[in-house]
Amino acid sequence: MKQLRYIVWLLPLLMQGCDFFYSTVEYKGREAEPRLCVFARNQPSDRFYVELSHSVFFLDADTLSIPWVNDADVTLQVNSMPEVTAEYFPEPVRYFDSIRNTYRHILGHRYSAPIVYGGNDTVRLHVEHPMYGTAEALQVCPMMQQFTITLDSVVNQREFWAHLHLDAYMGASTDVLSMFFDVTGWYDNQYGYVDYLVQTYSKEKAFGELHNQLTYSGYYAGFYMYLPVADTDRDIPVVLAPRYSTRFNDSILQNIERLTISGTIRVHTQDYYQHLMSLARVRGNGNEYVEDFVAPNDSTERRQYYDMVGILDRIAEEFTVLGNAESYQVYGNLSAGNKHDLQPFGCFSLYQETYQQIWLPMAPYVR
């Protein structure tokens, strides 16, 4: 462990010597033509939303404003039903500001239309603008993935060993599941709570078919896990564990009266999955680091060793791909239709969501 500590102390010094990564080059190329930017990700509800903007030449970009497009013609069509025109309207959008720890309101710019659709229905989006051209895409709405969570045991008062039963999926075989879980401890007659988004660990081989991180101990792991759909029932063992630094401590455990394990599984189209993965590569967090999970009784030093090896591998990988960021392109599914035949930016996608929660008394699990 001493050698690893020396390496960690040396990393800041090594990074300070990397001035050769930074240089200023005068741009002499031609100005890029603006393109439509379309984002529409919806699940079946009483309203359908589309956000439109346009690209801006990078030398003219103003980071304080978004170039919204509010004068486009937007239509939606479900199966062979008549087209429905979406209307533009600005509206207050409520969001949580994690820095100020409070809710805030901003002005949202969206097109909206009341359309009704469900699993396996086809939805076509058409956008037309006199200056930026047209964009069109088609999606088949995924089916819902039914599942149940069953708790098997709680180990070391921190690790929730469970399994998921997933019913056979009835939609397109190319659809993708994303799943995430959280554990909540309730106290003070359920008025107070401590909530943790947990990392999911599993040795299920199907996770290896998609972009999930494989740890040194042989577990696929992450806060968000991706899984291919299957046309047969499945039982998948998982371990749900908060980060080492944020796990329930003894003082919290003494006050917790009940626990809940909550799980959400979303079914995405293949288009959205490809779009999401390409964004992650461009941002440089396609292989975001997660803590390793070795075994319930492994020593703290062994866990730290695996974590340190993982950190060093992530650093080495970043150095390997540094300078090649321009080779990554963001995946989109919008057809081109403008005078310069330029591909619009963005992605049109549909998804379905299923939520499950189980309540656990503290005894005999963690006390």
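## Two salt bridges

At 23% relative accessibility, R266 counts as partly exposed. That is where we'll start in this predicted model. The side chain of R266 meets that of E353 in a salt bridge, with 2.5 Å from N to O. This pair links distant parts of the chain: R266 sits in strand β16 (residues 258-268) and E353 in strand β18, 87 residues apart. E353, for its part, has 27% relative accessibility, so it also falls in the partly exposed class.

How many salt bridges are there by this rule? The count comes to two. Besides the R266 pair, the side chains of R124 and E136 meet in one, at 3.8 Å from N to O. R124 belongs to strand β6 and E136 to strand β7 (residues 133-140), so this bridge ties together parts that are twelve residues apart in sequence. R124 is partly exposed because its relative accessibility is 33%, and E136 gets that label because its value is 29%. As for the background, side chains of opposite charge can pair when their charged atoms come close.

## A cavity lined by R124

R124 turns up again in the lining of the largest cavity, along with T75, L76, Q77, E83, L125 and H126. Two strands, β3 (73-78) and β6 (122-129), each supply at least two residues of that lining. Sort the lining residues by type and you get two nonpolar, three polar and two charged.

The space inside the largest cavity comes to about 30 Å³. Using 30 Å³ as the lower limit, the count is one cavity.

## The second largest pocket

Now for an open site: the second largest pocket holds about 480 Å³ of space. It is lined by 22 residues, and the closest to its centre are C37, V38, V330, F345 and G346. The elements that give two or more residues to this lining are β1 (36-42), β2 (48-54), α3 (270-283) and β18 (345-361). Strand β18 is also home to E353, the partner of R266.

Which element gives the most to the lining of this second largest pocket? That would be β2, with four residues. By type, the pocket lining divides into 13 nonpolar residues, seven polar and two charged.

## Y219, a buried loop residue

Last up is Y219, which is placed in the loop between β12 (213-214) and β13 (220-222). Is Y219 buried or partly exposed? Y219 counts as buried because its relative accessibility is 10%, and the cut-off for buried is under 20%.

Y219 also has a neighbour to look up in the structure: its C-alpha atom is separated by 4.9 Å from that of K203, although the two residues are 16 apart along the chain.

Definitions and conventions: Residues are numbered from 1 along each chain as its sequence is written. This is a predicted model: local features need pLDDT of at least 70, side-chain atom pairs count only at pLDDT 80 or more; totals for chains, interfaces and linings use all residues. Side-chain values use heavy atoms; hydrogens and water are left out. Buried means under 20% relative accessible area, exposed over 50%, partly exposed in between (1.4 Å probe, protein chains only). On a 1 Å grid over the protein atoms alone, a cavity is a set of points where a 1.4 Å probe fits but cannot get out, and a pocket is an open set with protein on both sides within 12 Å along at least five of seven lines; lining residues have an atom within 4 Å of a point. Grid points are joined across faces, edges and corners, and a volume is the space filled by probe spheres set on the points. Ala, Val, Leu, Ile, Met, Phe, Trp, Tyr, Cys and Pro count as nonpolar, Asp, Glu, Lys and Arg as charged, and the others, Gly among them, as polar. A salt bridge is a side-chain nitrogen of Lys or Arg within 4 Å of a carboxyl oxygen of Asp or Glu.
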